[in-house]
Amino acid sequence: MRDPILKYSKSSGFYVDAKKDFFSSNQALLEKAQSQNASYASGPARTNCKICGHSLPNETDFKSHGVEYVFCRDCNHLNGRYDDTKEFIEELYVSEDGEDYSKNYIDDNYVSRAEKIYIPKVEFLKESLPRTPTGILDVGCGGGYFVYAAQKMGYPSLGVDVSKTMTQFGNQQIRNLMGCEPLHCVDETELYEAIRYTAFDVVSAIGVIEHLREPQRFFEAVKNSRASFLYYSVPMFSLSALLENSLPNVFPRQLSGGHTHLFTEKSLVKMHELIGAQSIAEWRFGTDVMDLYRALNVGIQENCGSDYAHTQISEGMAGLIDDLQSVFDRNHFCSEIHVLVSCSDSRFK
Ligand SMILES: [Zn+2]
């Protein structure tokens with residue numbers, strides 16, 4: 001088996017534009033996260049690890065924003081103490097046809113978001129795949145940014161998602177831009193069937209696995225699918241989660257709402273084992289230092305900070321963000337990872 005190709009970091013320039021709300025609406029986002037966490041924490045206890053299924057220890061490792069967390073002692077995955085019930089998931093993603101969830105993601109500037117954030121993801125896939133794929137099935141496609149970016153780069157691509165609002169919005173955008181409607185609204189079971197029976201040889205799941213109620217169904221579907229490759233990104237336990245735990249007044253981007261558990265390097269290996277997959281390429285880039293920068297700004301804001309004080313933070317810190325982040329990325333302790341895996345040696349033709 002060859003060692004995976006390793007890639008690190010990405011300029012954070014895209015982040016400030018894309019997530020301005022994180023800076024300007026801290027209080028509202030914090031309150032929403034607290035209410036989603038309260039709803040999550042009212043659910044039944046999670047007794048087994050979300051990834052490997054091993055029994056979780058009785059003691060809690062830490063508590064953040066009203067939710068208790070525990071590391072699986074078998075695969076080291078960080079688990080929230082409660083189950084993601086169907087009701088909780090529906091409340092987050094499907095209620096009112098997903099309108100509430102989609103507010104975070106619907107942008108006035110569809111093309112610019114696709115180009116800044118999703119084209120680089122497709123480029124990494126392109127440079128890492130050992131052959132030209134027949135096409136890409138994007139699972140949990142949301143508004144179809146990745147599908148659009150893949151099509152722009154010449155890959156036939158379809159998306160499936162449980163949100164009617166998001167797929168309708170994406171289809172409307174892509175129809176205007178490219179004259180097709182490649183996104184399909186499906187229920188949970190159809191989502192796994194789409195993977196199982198896809199004719200394409202790449203399945204992508206960008207920021208999706210962590211939101212699944214039963215990830216084992218996803219692992220099984222990928223394992224039994226004719227697709228040869230899985231391309232995914234997931235949130236990781238890193239500095240960001242630790243900062244959130246120490247700073248209760250800052251909106252916890254990494255571990256709240258739909259993120260009830262986080263991957264670690266060890267739980268990724270376990271997941272690959274369960275899928276029967278080998279890593280081909282890994283791209284680590286986090287937003288940990290951007291989260292720190294945001295926390296410092298919120299702190300100043302809360303302590304009567306003037307515009308002049310904010311300028312002091314940006315003059316001192318803004319130019320350091322990418323350099324500092326690259327230290328975390330290269331040491332494999334960053335908030336996000338993109339991975340391309342081959343799903344089976346026998347199908348790795
Ligand atoms: Zn585990």
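1. Let's start with a term. A cavity is a set of grid points where a 1.4 Å probe fits but cannot get out. Rolling a probe the size of a water molecule over the atoms shows where empty space is left. Please keep in mind that you are looking at a predicted model.

2. With that idea in hand, how many cavities of 30 Å³ or more does a search of the whole structure find? The search turns up one. The space in the largest cavity comes to about 60 Å³.

3. Next, have a look at the walls. The lining of the largest cavity is made of S240, L243, E244, L247, V250, F251, D291, R294 and A295. Two elements, α11 (239–246) and α13 (288–302), each give two or more residues to this lining. By character, the lining residues split into five nonpolar, three charged and one polar.

4. Now move along to helix α14, which covers residues 307–317. Which of its residues are buried? They are A309, I313 and M317. Seen down the axis of α14, these buried residues fall within an arc of 50 degrees, so they line one face of the helix. A general rule helps here: an α-helix has 3.6 residues a turn, so residues three or four places apart point the same way.

5. What do the two sides of α14 meet? The buried residues of α14 pack against α13 and α15 (321–330). On the other side of α14, you will find D307, Y308 and E315 exposed. Helix α13 is worth a second glance, as it also gives residues to the lining of the largest cavity.

6. The strands come next. Strands of a sheet pair through backbone hydrogen bonds, either parallel or antiparallel. Here, four strands form an open sheet in the order β2-β3-β4-β10, and their pairing is antiparallel. At the edges sit β2 (62–64) and β10 (261–262), each of which pairs on one side only.

7. Zoom in on the middle of that order. Strands β3 (residues 67–71) and β4 (residues 78–80) run antiparallel and are joined by three bridges. Try finding F71, which stands opposite L78 in β4.

8. Finally, a residue to look up: R46, in the loop between α3 (26–41) and β2. Is R46 buried or exposed? Its relative accessibility is 3%, so R46 counts as buried, the cut-off for buried being under 20%. Leaving out residues up to four places away in sequence, R46 touches Y40, L56, N79, G80, R81, Y82, D83, D84, T260 and H261. One of these, D83, is 37 residues from R46 along the chain, yet their C-alpha atoms are separated by 4.7 Å.

Terms used: Residues are numbered from 1 along each chain as its sequence is written. This is a predicted model: local features need pLDDT of at least 70, side-chain atom pairs count only at pLDDT 80 or more; totals for chains, interfaces and linings use all residues. Side-chain values use heavy atoms; hydrogens and water are left out. On a 1 Å grid over the protein atoms alone, a cavity is a set of points where a 1.4 Å probe fits but cannot get out, and a pocket is an open set with protein on both sides within 12 Å along at least five of seven lines; lining residues have an atom within 4 Å of a point. Grid points are joined across faces, edges and corners, and a volume is the space filled by probe spheres set on the points. Ala, Val, Leu, Ile, Met, Phe, Trp, Tyr, Cys and Pro count as nonpolar, Asp, Glu, Lys and Arg as charged, and the others, Gly among them, as polar. Buried means under 20% relative accessible area, exposed over 50%, partly exposed in between (1.4 Å probe, protein chains only). The arc is that of the directions from the helix axis to the C-beta atoms. Contact means heavy atoms within 4.5 Å. Two strands pair if DSSP finds at least two bridges between them.
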